[in-house]
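This report looks at one protein model, beginning with an annotated position and ending with a sheet. Please keep the sequence and the structure in view while reading.

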Amino acid sequence: MVSWNNLDTLSSYKELADVKPACLTEVMSGDNGAERVKNYSVPMAAGLSYNYASKQVNENVLAALEKLADEAQLADKFKALYNGEVVNTGEKRLVLHHMTRGQLGDAVEADGVDKRTFYKTQQERIAEFANKVHNGEITNAAGEKFTTVVQIGIGGSDLGPRAMYIALENWAKKNNAFKMEAKFISNVDPDDAAAVLASTDVAHSIFVLVSKSGTTLETLTNESFVKDALKKAGLDPSKHMIAVTSETSPLAKSDDYLDAFFMDDYIGGRFSSTSSVGGAVLSLAFGPEVFAEFLDGAAEEDKLSANPDMRKNPEMLDALIGVYERNVLGYPCTAVLPYSQALSRFPAHLQQLDMESNGKSVNRFGEPVTYPTGPVIFGEPGTNGQHSFYQLLHQGTDIVPLQFIGFKNNQLETDVTIQDSTSQQKLCANVAAQIVAFACGKSDENLNKNFKGGRPSSIIIGDKLTPKTLGALLAHFENKIMFQGFVWNINSFDQEGVQLGKVLAKKVLAHDTDGALKVYSDLLNI
Ligand SMILES: O=P(O)(O)OC[C@H]1O[C@H](O)[C@H](O)[C@@H](O)[C@@H]1O
């Protein structure tokens, strides 16, 4: 049995607060720095590695973090989660997204079915459907092949799948795995749907309506928008749409769709990229085999996350270093900085994954916590970020911990050598330079040009971004966030904070307003 306690009641947390952090300007310079970069590295799945040499940790801090991991029972809590305990206390639900890609522990039965079998069956059904679309067994009414897939969804039903699609698009083109172009409609702003539809050959498109609840206003509105466009083009919407939803949602049994594929209430929206939510669009775009490789990468990383030894568990280690930075060193944000154009939407996905999970002020029993929880997450792909907000990161008054991601090789294998280096080498040179610049700084008599250094970062390094490495990368962040939620004793799997705005927006639309809300409504001409 695990016991759930607030972080500030743990004696190891009090000990951690007394340990001195590593001074990066010292430990990262000269031979010390070289040794650290070699040693402070943990292997991840799919050939990735997590390097934390440039974090403010040393043997004392790591030993204290290990004690915290033990006292907070992080490994046991993960075990309880994947063995089917009701870890999502707010909604009284199991948390089973790991089971969409593997079976880490016991068989879990819920709603009268074995859950691993349920998720696998959905994956197989999607694979069969995608294969039929690709080989022309399923066509439009004119008997022509579908060429495009358009996902309609928002939040977890958009960000993860969209980020994963963009991450693999060029890889698939290079590796003969590109089957259909994918597009995405998410915002209720009519210009989103209109712009996507205007650039889409709707007669040859399959629309994937994705909503776990089946009640999200934006998604249902965009569904109507698309149906309207299909009808105007003389097409039957039910021959162009599939649904991905939970079996209990209003969409599940509708005749409006060619087919429906399911997830369930045990998969949080932001954790649903490896379920049917990501499965449908990714299998249609790249083929089911590519989606299966992506799942394998995630499953391999999940296995590493189950290791009780923090030093061999990249997710637990990353989570604990993050807690140290947030709760002991007092840093409010974390930037995610992939040096890979393919990961351009990955930070956007992580914003939801992290901030919707751990942006909480009460513990899992609904009692206030008196320590900071989830950090603000933001990011951009490098090197673009360098020419934008890195000024604040280097010389601003807040210290922002950084999570770099970099690959030795680019996906398309097209490159050019200019001034003796390829573009890929220039990209990688920049990330190496940034890590050392942030850590070591550079003194200058002119304070405006002075770099204090001491700014922590980590880097995940891989050979190339492939379906498998992408799966491992995704699982890394999902599991890191889960472990942090355990340490903070919060429920990372509900999101009550999104409700109030929805309720008030409904009132505005029903003209049931007074006070400030009424004046804003008038100002915006509603
Ligand atoms: O998939 P749906 O039920 O349509 O939900 C879409 C999104 O909307 C909600 O408001 C939540 O904030 C998200 O966690 C969720 O991913």
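## Glutamate 356 and its surroundings

In this predicted model, glutamate 356 lies within helix 13, which spans residues 346–358. When its neighbours within four places in sequence are set aside, glutamate 356 is in contact with Arg270, Gln351, Asp494, Gln495 and Val498.

## The annotated active site

According to the UniProt record, an unreviewed entry, the annotation "active site" covers Glu356, His387 and Lys502. These residues are spread over 147 residues of sequence and are spread in space as well, with up to 36.4 Å between C-alpha atoms. Among them, Glu356 and Lys502 are included in the lining of the largest pocket.

Lysine 502 belongs to helix 17, residues 499–509. With a relative accessible area of 48%, lysine 502 counts as partly exposed, because that class lies between the limits of 20% and 50%.

## The open sheet

The model also contains an open sheet of 6 strands, arranged in the order 1-2-15-12-10-11 with mixed pairing. Strand 1 (41–43) and strand 11 (376–379) stand at the edges and have a single partner strand each, so one side of each is left without a neighbour in the sheet. On average, and with direction ignored, neighbouring strands of this sheet are turned by 20° against each other.

Within the sheet, strand 10 (residues 333–339) pairs with strand 12 (residues 402–407) in the parallel sense over 5 bridges, and valine 336 has glutamine 403 in strand 12 as its bridge partner. Helix 15 (residues 423–440) packs on the sheet, where it touches strand 10, strand 12 and strand 15 (457–462), and the direction of helix 15 makes about 155° with that of strand 12.

How values were computed:
Residues numbered from 1 in each chain as written. Predicted model: local features only at pLDDT ≥ 70, side-chain atom pairs only at ≥ 80, totals over all residues. Heavy atoms only, no water. Pairing = 2+ DSSP bridges. Helix = DSSP H or I, 4+ residues; strand = E, 2+ residues; numbered from the N terminus. Axes fitted to C-alpha atoms, helices over the stretch in contact; angles between N-to-C directions. Contact = heavy atoms within 4.5 Å. UniProt positions renumbered as here; feature names shortened; annotations may be inferred. 1 Å grid on protein atoms, 1.4 Å probe; cavity = no way out; pocket = protein on both sides within 12 Å on 5 of 7 lines; lining within 4 Å. Buried < 20%, exposed > 50% of the residue type's maximum accessible area, 1.4 Å probe, protein only.
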